[in-house]
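Student: Hey, could you walk me through this one? I would like to start with how the chains meet and then look inside one of them.

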Amino acid sequence: MIKSGRALIFRALLCFVLFMLVLLMLMMPQSGQAGDAALQLPHLRIVYGAEQALPDGTVLLPLEIHCENVRGDYRRENLSAVTAGVASLPAFGPSVQQTKPLVYRATPVTRAGRRWMLQLSTGSPRSFAVRVQAQSAANGKTIYLTAETNCFIFGRKRGAKAEFKAEALPPAWFSGLDMSIDPSFYYWPQTETSFQVTVCLGGRVLPKTALTVFDESFPPARYLTDSAGRVVYVPPNDPALNRLSEKAAKQVFLVSVHNEGNDFFVATRTLRLHRNRLSHFQSDLGMALFGATATITGGTVIWARHRRRRP
Amino acid sequence: MNITNLRAAFQLLFFVVLIYGGRVGLRLGHFLPCFSCPYVSGCAGQCYLMALQNSFWGMEMPLAAIFTSRGLEALLVFTGFLLLTLLLGKIWCGWICPFGTLQDWIAAVRRKLGIRESQWSWVQTDRLKPVKYAFLILLLVIPLFIAHMGLHDDFTLPFCQICPAKPVLPLFAGNAGYFSVDTTNTITAFMTGLSMVLTALFLVGMFFKDRFFCIFCPLLALISIFDRIGFVRFSKNVKTCIGCANCQRICPVDIRSVHKETSKQNVMSPECLACMKCAESCPTDGTLSFQWLRWTLFTSSFAGAIRKLARGGHDE
């Protein structure tokens, strides 16, 4: 009897654990099935290098282009037509109130071992939109890869003028999936602020498209675009980032995959995120500390003056 | 118009210009020798202490970069500060500084309430004098430690982080946001907590003692370095001084040296704010005078002292 009772309890516990596991999996679709497609297909990532300030005030920013998930049929060697375009605007004003379409100009991409490199340089404060495109073909399937990022570089060279002289890239150059982000030129992208991401292909928005977020501090998270092809992404508070300096930033990669027949389209956007500047400001605590100190100090002064006056 | 009212009018004018001037496009640069706080949204110019901490020595510019274009930029900012300091010297403190003006307004409220100013012994005053130099050294050294010794970046702008002007002056632009503790990490919590404690201490101090913050002001310490070569001079005719000690009694920062001086003509002390209250209350003609190069800005007179006395002397 006792033995069978134990077995019953054991079975009940097992059922409960299994039920909880199923429930957990159902309740956490965002992380449970995170970015299956994004995890399986190769995708490009623009990875920021260390900014370098030259003595004349010019600032160089190397960008590395990594190709992730190159396995199976999709080998790095299959990657072809790696090209890059860079649009540049003055850092403030025009880029913040940008209404005209960006003019991308061809920028040389160099191969360095297992990765590709491109370098941004400016002598004046400018904002940049960078787009890298590549293709990979295997077994009759073609993958169109794009990677994008927007950034500011604050050059300090005296009398510096616009650097880009290359021809504007023709519309035919733009292939693959577009992943635009709003705000696009955000001087200080930070956690706990919302970004609206729109995924489209050839000007056509893509509803119900998966967007996977790769953040080194968290497991991959998966979102679906709405009927307008949009998804609102709010980077969560990151205690590890908070412990670093205000200037420290982490790189977060948003990956979206879409397929039409044998053509696969993979878009990646790199976000360089800082910790949130204001969300941790506790005004109640500040006022309490201020009030308590003022009361104690004021009281002490009044008491001391009163005591001194007494004969 | 007497010098006290003239000064009050100038202070009000500069307070409005420096706090709100940026809203009408006024840009006076980031090398002002007064507490025109950059944390005030829409301010017209910025206190030089921020540039000093951030650019000249700080992590944005390692020592190796001093002889580059960035070094030149820092040098230009310093030159701007130096020129303004040489031109007006301590007049920045006594007539222009918005935080100094605020202190005068708080003291005026105290006087209206009939509360007497706290009196300190000379020993106490003398002991507190070096604190402003300690602040100045710390605000120069800490950014160097960040840049070259691996001190955490969150100590950036160390003085700005604890300066009482940072939470107080933005109140005039409708921003009470700096009365907060930033719990992002231990360092930010410590620095913002310290800022709240010091702000409370200084505000209480300002209420009970005239120009309380100026005793500890590192910018005053920096400006006073250039007193000897500045265009603003404060001189005393020791032969006509009758030793009444009015200058000592009326001084908001308790300077004794003007009264005690018996031989030298130049009586500009490092603590002097050029408020000219001493010259206004001096009852002998031409004993105390403020000059700008050769031109006399203000000089003491018997008639002036009598008028001041008639207005209520110290407590006007």
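Tutor: We will take the contact between the chains, then the domains of one chain, and then a sheet. Please keep in mind throughout that this is a predicted model.

Student: Ok, so how many residues does each chain put into the contact?

Tutor: Chain B contributes 26 residues to the contact, and chain A contributes 27 residues.

Student: And which elements of chain B are on that side?

Tutor: Counting elements that give two or more residues to the side of chain B that touches chain A, you will find α3 (69-88), β1 (181-182) and α10 (186-208) of chain B. The largest share comes from α10(B), which supplies ten residues.

Student: What kinds of residues are on that side of chain B?

Tutor: The side of chain B that touches chain A divides into nine nonpolar residues, twelve polar ones and five charged ones.

Student: You mentioned β1(B), so what does that strand pair with in chain A?

Tutor: Strand β18 of chain A, residues 281-282, is joined to β1(B) by two bridges, and the two strands run antiparallel. If you want to find the place in the viewer, look for A:F281, which stands opposite B:D182 in β1(B).

Student: New topic: where are the domains in chain B?

Tutor: The domain assignment of chain B gives domain 1 as residues 3-222 and domain 2 as residues 231-315. Taken over C-alpha atoms, the centres of domain 1 and domain 2 of chain B are separated by 27 Å.

Student: How many residues of each domain are in contact with the other?

Tutor: In chain B, 21 residues of domain 1 are in contact with 16 residues of domain 2. On the domain 1 side, the elements that give two or more residues are α1 (3-20), α3, α4 (91-96) and α6 (122-128) of chain B. That side of domain 1 divides into eleven nonpolar, four polar and six charged residues.

Student: Last thing, what is the order of the strands in the three-stranded sheet of chain B?

Tutor: The order is β2-β3-β4 in chain B, in an open sheet with antiparallel pairing. The edge strands, each pairing on one side only, are β2 (232-236) and β4 (295-299) of chain B. Neighbouring strands of this sheet are turned by 30° against each other on average, if direction is ignored.

Student: How many bridges are there between β3 and β4 of chain B?

Tutor: Strand β3 of chain B, residues 288-292, pairs with β4(B) over four bridges in the antiparallel sense. Within that pair, B:Q291 stands opposite B:T296 in β4(B).

How values were computed:
Residues numbered from 1 in each chain as written. Chains lettered and ligands numbered in written order. Predicted model: local features only at pLDDT ≥ 70, side-chain atom pairs only at ≥ 80, totals over all residues. Contact = placed C-beta atoms within 7 Å. Nonpolar A, V, L, I, M, F, W, Y, C, P; charged D, E, K, R; others polar. Pairing = 2+ DSSP bridges. Domains from an automatic or database assignment. Axes fitted to C-alpha atoms, helices over the stretch in contact; angles between N-to-C directions.
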